[in-house]
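Work through the exercises below with the structure open beside the text. Each task is followed by a solution in steps.

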Amino acid sequence: AYTAGRELFVWSVAQQRETHKRELDTKHFMDAAFAPNGRALLTVGKEGCVREWDAATFECARSYDWEIG
């Protein structure tokens, strides 16, 4: 997964292509990781917010804001 501007892109290594693209409400994120079960993608934004994305739909399922950024 990576961002360009306000868009999140997800690539499948197995399929060797982009599989999802999602407009973000913030620009860029600092890190991303898939959950061990593959059902969620978590991103950490520069504003100090962690977002949990449903890996099937790439809709934001939850967000956690600790106001540390």
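The exercises go from the whole chain to single residues, and the model they use is a predicted one.

**Exercise 1. Secondary structure**

Find how many helices and how many strands the protein has, and write down their order.

Solution. Step one is the count: there are 0 helices and 7 strands. Step two is the order, which along the sequence reads β-β-β-β-β-β-β.

**Exercise 2. Overall dimensions**

Decide whether the radius of gyration agrees or disagrees with that of a compact globule.

Solution. Start with the expected value: for 69 residues, a compact globule would have a radius of gyration near 11 Å. Next take the value for the protein, 12 Å, which agrees. The box filled by the C-alpha atoms can then be added; along the principal axes it is roughly 35 × 25 × 15 Å.

**Exercise 3. Surface, contacts and charge**

Describe the burial, the exposed area, the contacts and the charges of the protein.

Solution. Begin with burial: 29% of the 69 residues count as buried. The exposed area is about 4800 Å², and carbon and sulfur atoms supply 50% of it. For contacts, take those with a separation of 6 or more; residues 24 or more positions apart account for 17% of them. Last come the charges, 9 positive and 11 negative, whose mean positions are 4 Å apart.

**Exercise 4. A hairpin**

State in which sense β6 and β7 pair, and over how many bridges.

Solution. First locate the strands: β6 covers residues 49-54 and β7 covers residues 60-65. Their pairing is antiparallel, over 5 bridges. One bridge can be checked by residue: C49 has D65 in β7 as its partner. Then look between the strands, where the hairpin has 5 residues.

**Exercise 5. Two residues with positive phi**

For Q16 and F58, find the loop, and decide whether each is buried or exposed.

Solution. Take Q16 first. Its loop joins β2 (7-12) to β3 (17-23), and its phi is near 55°, a positive value in a residue other than glycine. The relative accessible area of Q16 is 68%. Exposed means over 50%, so Q16 is exposed.

Now take F58. This residue lies in the loop between β6 and β7, in the hairpin of Exercise 4. Phi of F58 is near 55°, again positive in a residue other than glycine. The relative accessible area of F58 is 4%. Buried means under 20%, so F58 is buried.

Note on methods
Residues are numbered from 1 along each chain as its sequence is written. This is a predicted model: local features need pLDDT of at least 70, side-chain atom pairs count only at pLDDT 80 or more; totals for chains, interfaces and linings use all residues. Side-chain values use heavy atoms; hydrogens and water are left out. Two strands pair if DSSP finds at least two bridges between them. Helices (H or I, at least four residues) and strands (E, at least two) are DSSP runs, numbered from the N terminus. The radius of gyration is taken over C-alpha atoms; the globule rule is 2.2 Å times the number of residues to the power 0.38. Buried means under 20% relative accessible area, exposed over 50%, partly exposed in between (1.4 Å probe, protein chains only). Contact means heavy atoms within 4.5 Å. Accessible areas come from the Shrake-Rupley method with a 1.4 Å probe; for residues, only the protein chains shown count as cover. Lys and Arg count as positive and Asp and Glu as negative; His and the chain ends are not counted. The place of a charge is taken as NZ of Lys, CZ of Arg, CG of Asp or CD of Glu.
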